[in-house]
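Colleague: Mind if I quiz you on a few labels in this one? I'd like to hear the reasoning behind each.

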Amino acid sequence: MSNKNNQETIVNHLKTYGFIYQSSEIYNGLSNSWDFGPLGSITKNNLKNLWLQDFVFSQKNMELIDSCIILNPLVWKASGHIDNFSDPLIDCKSCKSRYRADKLIEENSSESINEQTETSTLEKIISDNNISCPKCKKNDWTNIRKFNLMFDTSIGVVDDSKDKVYLRPETAQGIFINFKNVLRTQRNKIPFGIAQIGKSFRNEITPGNFIFRTREFEQMEIEFFVSPSDDCKYFEFFENKIYNFLTKILGLKESNIKKVDYPKEELAHYSSKTIDYFYNFPHGEAELWGLANRGDFDLKQHQLVSNKSLDYLDDTTKEKYLPHIIEPSVGVERLLYAIYVDSYCEEILEDGNTRVVMKLDQKIAPYKVAVLPLTNKLTELAQSVYSQLLNKNILCTYDSSGSIGKRYRRQDAIGTPYCVTIDFNSLEDNVVTVRERDSMIQKRINISELSLENINKLFDK
């Protein structure tokens, strides 16, 4: 058995089986834009529900909100996005290829840089290291210029009264500006967190690598508000919780995950500590899930620009302070891509044929059970079994097309954990055959006992 760590193979598989489609495909597509098909939509929702259950609903001190995509522009002024949320853009004069200067340096030198590194310094590093264009191999660059990543639009009825606004580049600011609202209405006490799942938009210079980096994406973010003396404790709490979610809840292979603890000189200006969990994607190891100690920077900035107090008063100690913030943040599509990559397998069977199987965790798999009548003469009983499973809130599919072997392969390829086959004996004894995806072992069970719980017990799961 081998995991085929090939991006083209995995992308083609996901497109073929209805997980993900090229957006606007009938119009030749839109670069780096993807639509989630029927199976992708289900797995995406399953992932979000797992995150909500583990990080929000099972925690006694966590709230959920849903803030607007378009916010007052002053929000982005206060956060620094208008002035500083930009990438250093550089073009090759010879072939007109465009790059992020910081990524160009990271991939072609050992120089240490961070988001505060000046443009002039970046240009000097490129020159001193004689970094050439990856595409045409020439060394003829434009000057670096700053490119703001926010999409702007306008609100208003007529052109001369329109105001510029922005599509949010992150969901975090919608949480910060609602800190006092949630504190008041839910009568919270520090420590507590506010969670949000929502769309964000970034006009990336170099998006790519399938759904790893796109201009439109979803984030699952938590801003956890703590007293300044407790920030280390809760940082460690989320550090462990993220790793547990990745490996135990989602079942990602530990060998594909690496924790990176950034040195002080590489931290964002507001952060006192940041780690990233990296995943071994087909295009290489890259950031999967970030965790940052943001200190009191965000609340301080919004307090300053809005001229509204965001202080917290501790009823017990009577101490007033701006809470510090621990932020675990992950992109839904990026995490889902890791799940798809991790689960994709090609197995060589005893007869020499290759079986493609998505070994998705049962909690993520789009369908839990596939109902397969051996022939169309068994349709009535098979439809009855199918309805029985649906009535028990088991998301399942019905497949009667092609040979039973081909149908098994089709369900393997989309990650269905179990296939329930109705044969002619089922008409006599009301017993069906259940096939387990990973082992391909088959066992019999009475139709009256069919439930996901009983099937799992049948296979000691």
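Modeller: Sure, and keep in mind that this is a predicted model. Asp314 is a good place to begin: that residue is in the loop between β14 (312-313) and β15 (320-321).

Colleague: What makes you say that Asp314 has no salt bridge?

Modeller: The side chain of opposite charge nearest to Asp314 is Lys189, at 7.1 Å. A salt bridge needs a side-chain nitrogen of Lys or Arg within 4 Å of a carboxyl oxygen, so Asp314 goes without one. Asp314 is buried, too.

Colleague: Which backbone nitrogens does the side chain of Asp314 reach, then?

Modeller: That of Thr316, at 2.8 Å, and that of Thr317, with 3.1 Å to a polar atom of the Asp314 side chain. The cut-off for a polar contact is 3.5 Å, so both pairs are within that distance.

Colleague: Why is Leu304 called exposed?

Modeller: Its relative accessible area is 63%, and exposed means over 50%, so Leu304 gets the label. Leu304 is part of helix α10 (residues 297-306). Together with Leu74 and Val305, Leu304 makes a nonpolar surface patch of about 290 Å².

Colleague: And why is Ser403 called partly exposed?

Modeller: Ser403 has a relative accessible area of 39%. Buried is under 20% and exposed is over 50%, so Ser403 falls in between. You'll find Ser403 in the loop between β20 (396-398) and α13 (404-414).

Colleague: How far apart are Ser403 and Ala268?

Modeller: They're 135 residues apart in sequence and 57 Å apart in space, C-alpha to C-alpha.

Notes:
Residues are numbered from 1 along each chain as its sequence is written. This is a predicted model: local features need pLDDT of at least 70, side-chain atom pairs count only at pLDDT 80 or more; totals for chains, interfaces and linings use all residues. Side-chain values use heavy atoms; hydrogens and water are left out. Patches are made of residues with over 30% relative accessible area and no salt bridge: like charges are joined within 9 Å, nonpolar side chains (Val, Leu, Ile, Met, Phe, Trp, Tyr) within 5 Å. Accessible areas come from the Shrake-Rupley method with a 1.4 Å probe; for residues, only the protein chains shown count as cover. Helices (H or I, at least four residues) and strands (E, at least two) are DSSP runs, numbered from the N terminus. Buried means under 20% relative accessible area, exposed over 50%, partly exposed in between (1.4 Å probe, protein chains only). Lys and Arg count as positive and Asp and Glu as negative; His and the chain ends are not counted. A polar contact is a pair of N or O atoms within 3.5 Å; within protein, one must be able to donate a hydrogen and the other to accept it, and residues adjacent in sequence count only if both atoms are side-chain atoms.
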